[in-house]
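Student: Please pick one part of this model and look at it closely. Then show me how the rest of the fold is arranged around that part.

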Amino acid sequence: MISILELMRRPSVEDMQAHVDALLKANPEVSAYFKSSVEVAHARRSSRRVHCAPITDEVSYVVFLHEMGHLLSPNQHDLNCFVNIEWPLPDKMVENELDAWRWAKEKAIQWTVSMEARRFISLFSYGYREVA
C-alpha cells in the first residue's frame with residue numbers, strides 16, 4: 001500500500017531534466033528541440049525529433065515523455081501526417097495517443113496527480129471519453 005507521504009513526494013525539475021537527458025543519450029537516433037515558443041508539442045517521425053517547451057515542471061516533463069512515446073514505443077502505428085483531422089479521430093490515431101501515454105507512464109521517474117491530469121485533458125481533447 002502506498003503511503004500519503006509517497007503520494008505527496010514529487011520529482012524535482014533537476015531530476016526530471018536529468019531523466020530527459022538520460023533518455024536522449026540512451027536513444028541517440030532521437031533528438032529534441034526545446035524552445036519556449038513551441039505552442040503545441042509534437043514528435044516528427046520523419047526526423048525522429050521531439051519539439052516541445054523546456055522542462056520546467058511535471059507537465060512539461062510528461063508532455064516530453066508522451067512525445068518520446070510516439071517515437072520509441074514499438075506499438076505505434078505508422079500514420080501519415082493528418083492535415084485536416086477528422087472527428088472523431090481515426091481508431092489508429094487514438095490507439096497511438098493511448099499508447100504514447102502508456103509509454104510515458106511506464107517511463108516516468110514517478111507518476112503524479114499533475115501528470116495524470118495532463119493525460120486526462122489530452123485524451124479528452126481528442127474526443128476520447130474512456131480515460132481509465
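Tutor: Start with helix 2, whose buried residues pack against strand 1, helix 3, helix 4 and helix 5. Keep in mind that this is a predicted model. The buried residues in question are Met16, His19, Val20, Leu23 and Leu24. Their directions span an arc of only 135° around the axis, so they lie on the same side of helix 2. The other side of helix 2 carries Glu14, Lys25 and Ala26, which are exposed. The length agrees with expectation: 14 residues at 1.5 Å a residue should span 20 Å, and the end C-alpha atoms of helix 2 are 20 Å apart.

Now follow one contact partner out of the helix. Ile55 sits in the loop between strand 3 (49-52) and helix 3 (58-72). Is Ile55 buried or exposed? Ile55 is buried, because its relative accessible area is 7%, and the cut-off for buried is under 20%. Beyond the residues up to four places away in sequence, Ile55 touches Val13, Met16, Gln17 and Val20. Phe34, Ser60, Tyr61 and Phe64 complete that set of contacts. Ser36 is a further reference point: Ile55 and Ser36 are 19 residues apart in sequence, and their C-alpha atoms are 9.7 Å apart.

Two of those partners lead into the core. The largest nonpolar core has 23 residues, and Tyr61, Phe64, Leu65 and Met68 touch the most other members. Helix 2 (13-26), strand 3, helix 3, helix 4 (91-107) and helix 5 (113-125) each give two or more residues to this core. Helix 3 supplies the largest share, seven residues. Take Leu65. Apart from neighbours within four places in sequence, Leu65 is in contact with His19 and Leu23. Leu65 also contacts Trp103, Ala104 and Ala108.

Next comes the sheet. The sheet is open, with three strands in the order 1-3-2 and mixed pairing. Strand 1 (31-34) and strand 2 (42-44) are the edge strands, each paired on one side only. Neighbouring strands are turned by 20° against each other on average, direction ignored. Strand 1 and strand 3 run parallel, joined by four bridges. Tyr33 stands opposite His51 in strand 3. Helix 3 packs on this sheet and touches strand 1, strand 2 and strand 3. The direction of helix 3 makes about 155° with that of strand 3.

Helix 5 closes the tour. The buried residues of helix 5 pack against helix 2, helix 3 and helix 4. Which residues of helix 5 are buried? They are Met115, Arg119, Ser122 and Leu123. These four cover an arc of only 95° around the axis, so they share the same side of helix 5. The face turned away from that buried side holds the exposed residues Val113 and Ile121. Helix 5 has 13 residues and reaches 18 Å from its first C-alpha to its last, close to the 18 Å expected at 1.5 Å a residue. Gly127 follows helix 5, and its phi is positive, near 90°.

Back to the starting point. On helix 2, buried residues such as Met16 and His19 face partners that include strand 1 and helix 3. Met16 touches Ile55. His19 is in contact with Leu65.

Conventions:
Residues numbered from 1 in each chain as written. Predicted model: local features only at pLDDT ≥ 70, side-chain atom pairs only at ≥ 80, totals over all residues. Heavy atoms only, no water. Buried < 20%, exposed > 50% of the residue type's maximum accessible area, 1.4 Å probe, protein only. Contact = heavy atoms within 4.5 Å. Core = buried A, V, L, I, M, F, W, Y, C linked by side-chain atoms within 4.5 Å. Expected span 1.5 Å × (residues − 1). Arc of directions from axis to C-beta. Pairing = 2+ DSSP bridges. Axes fitted to C-alpha atoms, helices over the stretch in contact; angles between N-to-C directions.
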